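Morning, everyone. Let's walk through one structure together, part by part. Please have the sequence and the model up on your screens.

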Amino acid sequence: MFYFRTVSVNPPLPERIDKLRELSRNLWFSWHKPVGDLFGDIDPALWERVEHNPVKLLLRVNRDKLDRAAADRNFLKKYDAAVDEFARYMQEEKWFQRSFPRHKNRIIAYFSAEFGLHESCPVYSGGLGVLAGDHAKAASDLGLPLVGVGLMYRHGYFKQRVNRDGRQEVLYPDLNFNEMPATPVVGDSGLETTVAVEFPGRKVFARVWEIKAGTTRIFLLDSDLPLNLEEDRKITAQLYGGGRENRIAQEILLGVGGVRALNAMGITPSIWHINEGHAAFLTLERLREMVGAGLPAATAGEAVRSNTVFTTHTPVPAGHDVFDRHLVERHLGELCRDTGMDSESLIEAGWDVQHQEFNMTLLAMRMCGFCNGVSRLHGEVTRQMFHRFYPGLPLEEVPVTSVTNGAHVHSWLAGGWKNVFNRYLDPGWAEPDAGESALQGLDTIPDREIWDTHQRLKMEAVEFVREKLQKQMARNREAPAVTAEVADMLTPDALTIGFARRFTAYKRATLIFREPERLAAILNRPDRPVQIVFAGKAHPADRTGMELIEKILDYSRQEHFRGKVVFLEDYDINMARYLVHGVDLWLNTPTWPMEASGTSGMKAAMNGVLHCSVLDGWWPEGFNGKNGFSIGSPGELQFKQLDRDNNDSLSLYRVREEQVVPLFYQRREGIPEQWVQMMRESIRTAIAGFSSARMVSEYARRLYVPAVDRGIAFTESGYEAAEKAGRFKRFMRENWHQVRVEQVATNGRWNMEAGDELAVESVVRLGPIDPEAVMVEIAFGTDRGGYLDRLETRSMGLLERVGEGTYRFQGEMPLNQGTYGYTVRVRPKHRVAGAEFEMPLVRWAGSF
């Protein structure tokens, strides 16, 4: 292989429309449809061929068409409006600046292994990446000073093809980054910005690319450079590709290289947000930097934790990246060289003693001050999963909170709905900080207008599906007669169910086929026909996921399912838009409680597509009985998989037969009035409660601003507070064995009345620990027969010193009606601690 440099030669733009270049390089066009339409107007056929990529369109368009556009009065009117709107958007004061003016310039660094922003940037695989993309867009809409950090994959994830035998085939395209809305970062010297990261026996270099999404800048590292060895050029070849060696190399490049890239560009974050454990090595790089600058390791660790936020996305143990000790030692040893640190101390931060492995999620949790799951249920599941690392704590006090995910409304809401809402809703409904009151006008939209809008979107989806199927069949050289059948597939009048997501075992794509004859009867009833559209990729290493695709394709060829069940290959953002806009029902059948959030259902719901799901992920929060359908019941972890599948399958069939199908076909003057009312409620629920604007504003209030404040407190005055926190924790760990609750006296009887006050005195042995350094509490909760549920606490005050290192505390608790259990406990208390149990030390009273 010989060296060469690349240059992109663009046709000169007519001066009158020369800002098209700037618009093409900012993904703001992807959620402002009039801008995308501008490029489509120049050459509609080319716009589709380049998959809505304006950079590629401007590279390939005929100059005559540009000249025609520049002379077209209608085009120029739309162009001027788009340019003015873009300028206003980029310069206006937004929600974050108004709400937190002190922090408006405090940069948030958001690290993610993938960003799913638009089909023109195919460096994402699915839910995690699209969530990161929506987070970046909402941060821009709200005015958060956020920068993204990730990797630029030469082959993306993969292109999926389904052959004639129904088997998934994998293609790895060579992406031309110069034809994407991305630009290499160029420094003051005029040279491209690169960073170097130490690997065993060598250095790996990475170029930095920038993608703009509104005001948000996203920096992606690319190791495919001639400076690198051939094996190192492949580090960023594929998303989630390669073996364990390549995976740890990717994650070191992301975490360590990402921190160094920000340094090289002069960007100093005040908050570091780790989106899933892949980027957790950034904490060790920050620790290494501080120790190298002269800080003691314990102080540096506290400083790193003070302003680090970690979001975990998976309730499936297999979803957490783990590495063996030898692999981690080899790589971290290189990073520690010449810093005075040893790799052993870094390995300890992520080491799981029980399983004898290095766990990236555990590393992130131990090195952050703020940790969250992505739905309330997922927060509970995460606390349960990691409870073993917090011995002595009640499950609910494991320091993991939750911020439920959301979807970016302007990226996912169909243009047809936007037009309707602009006519009927409060003018501010589209603002990212608009409240639920802005949606009150939903009730004034006539049923006919809601139904007709949905039917138009459904027709667009049906035409899209037919076109995709024809291309699939033509490529597979299906018989002409078979290909011709596609023209009649998926009638727009039939109830259409969509199931589109990653194909893996716990998603249970084939649950709907558990009783094939019963399903065939539902689909083929002449007066109430039903049809199902499937789409999704299975990871190339997931044999079970690929077999699920094969099974669905086998079913689709059976006579009673032919034309009623279809599978679309190569699911991506563009296909997702058509499906969440145009099907009638969005089906989600994960094994409870393995769905962390499930944002595809939110996208469908905000378009009036009713969600039908197991009560998992976001749906326990979203479902109110009037906005969709629920399958099965939660809380059945004790069931075997076969029992869960049987129960959920029976529930799914009942819901379809007794609720979904009758409601859809119950018409008055051609309109399913009850269904339309549920569509209204679905739209209201999703836009008001499950938008990415709500999500990001919640991150800002509950996590980002506290993290900024804590980071400032820890780093000012030469890291004095961080040093004190480290010293405090060390002292507590060394002396906690001396703490015990020696006596508890109470006026409590087995039978008391509501309104009585429970008084408690306790003698506590603290040894050398100052009583001001602990919190002594009455802990109480509902007695569930062996454990306390919904635990609450009341602090107890210091009453007197009763001996050397021994103190008496006193507290009261008003009693409400019910059956309660109560006890006394002691825990450390520090002025600048983050979560209450960041240091999981607690001492409980014995019997009393």
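Let me start with a cut-off. Buried means under 20% relative accessible area. Cys-336 has a relative accessible area of 4%, so Cys-336 is buried. One caution before I go on: this is a predicted model.

Stay with the cysteines. How many disulfides does the structure hold? Zero. A disulfide is a covalent bond between the sulfur atoms of two cysteines. To count as one here, the two sulfur atoms must lie within 2.5 Å. Take Cys-371. The closest cysteine sulfur to the sulfur of Cys-371 belongs to Cys-368, at 4.8 Å, and that is too far for a bond. Cys-371 is also buried, at 7% relative accessibility.

Next, the nonpolar cores. The largest one has 148 residues. Which residues have the most contacts inside this core? They are Leu-20, Phe-111, Leu-144, Phe-281 and Tyr-704. Helix H28, residues 692-735, gives the most to this core, with 14 residues. There is also a second, separate core of 101 residues. Among its members are Trp-618, Val-660, Ile-671 and Trp-675.

Look at Leu-20 in detail. Setting aside residues up to four places away in sequence, Leu-20 touches Leu-13, Leu-38, Phe-39, Ile-42, Leu-58, Phe-75 and Tyr-79.

Back to H28. Its axis and the axis of helix H8, residues 127-142, come within 8 Å. They cross at roughly 75°. H8 and H28 are therefore roughly perpendicular to each other. Who makes the contact? On the H8 side, find Leu-131, Asp-134, His-135, Ala-138, Ala-139 and Leu-142. On the H28 side, the residues include Met-695, Val-696, Tyr-699 and Tyr-704. You have met Tyr-704 already, in the list for the largest core.

One more residue in H28: Tyr-719. Its phi is near 65°, a positive value in a residue other than glycine. Is Tyr-719 buried or partly exposed? Partly exposed, at 25% relative accessibility.

Glu-669 also has a positive phi, near 55°, and again this is not a glycine. Glu-669 sits in the loop between helix H26, residues 641-665, and H27. Glu-669 is exposed, with a relative accessible area of 70%.

Move into H27 itself, residues 673-689, and find Arg-684. Buried or exposed? Buried, with a relative accessible area of 12%. Beyond residues up to four places away in sequence, Arg-684 touches Glu-436, Leu-439, Leu-442, Asp-443 and Gly-689.

Now the strands. Start with S3, residues 159-162, and S4, residues 168-171. They pair in the antiparallel sense over four bridges. Val-162 has Gln-168 of S4 as its bridge partner. The two strands form a hairpin with five residues between them. Gly-166 is in that turn, with a positive phi of about 80°.

Further along, four strands form an open sheet. The order is S25-S24-S28-S29, and the pairing is antiparallel. Which strands stand at the edges? S25, residues 788-795, and S29, residues 843-844. Each has a single partner strand, so one side of each is left without a neighbour in the sheet. S25 pairs with S24, residues 774-783, over six bridges. Within that pair, Ala-779 bridges to Thr-793 in S25.

Strand S8, residues 216-222, holds Leu-220. Leu-220 is buried, at a relative accessible area of 2%. Apart from residues up to four places away in sequence, its contacts include Phe-115, Val-123, Met-152 and Trp-209. The C-alpha atoms of Leu-220 and Tyr-153 are separated by 8.8 Å, with these positions 67 residues apart along the chain.

Two loops to finish. Lys-104 lies between helix H7, 95-99, and strand S1, 108-112. Lys-104 is partly exposed, with a relative accessible area of 41%. Leaving out neighbours within four places in sequence, Lys-104 is in contact with Phe-96, Gln-97 and Pro-145.

Last stop: Pro-593, in the loop between strand S19, 585-588, and helix H24, 599-605. The peptide bond from Trp-592 to Pro-593 is cis, with omega near 0°.

That's the tour. Over to you for questions.

How values were computed: Residues are numbered from 1 along each chain as its sequence is written. This is a predicted model: local features need pLDDT of at least 70, side-chain atom pairs count only at pLDDT 80 or more; totals for chains, interfaces and linings use all residues. Side-chain values use heavy atoms; hydrogens and water are left out. Buried means under 20% relative accessible area, exposed over 50%, partly exposed in between (1.4 Å probe, protein chains only). Contact means heavy atoms within 4.5 Å. Two strands pair if DSSP finds at least two bridges between them. A nonpolar core is a set of buried Ala, Val, Leu, Ile, Met, Phe, Trp, Tyr and Cys residues joined through side-chain atoms within 4.5 Å. Axes are lines fitted to C-alpha atoms, for helices over the stretch in contact, and angles run from 0 to 180 degrees between N-to-C directions. Angles under 35 degrees count as roughly parallel, over 145 as roughly antiparallel, 65 to 115 as roughly perpendicular and the rest as oblique.
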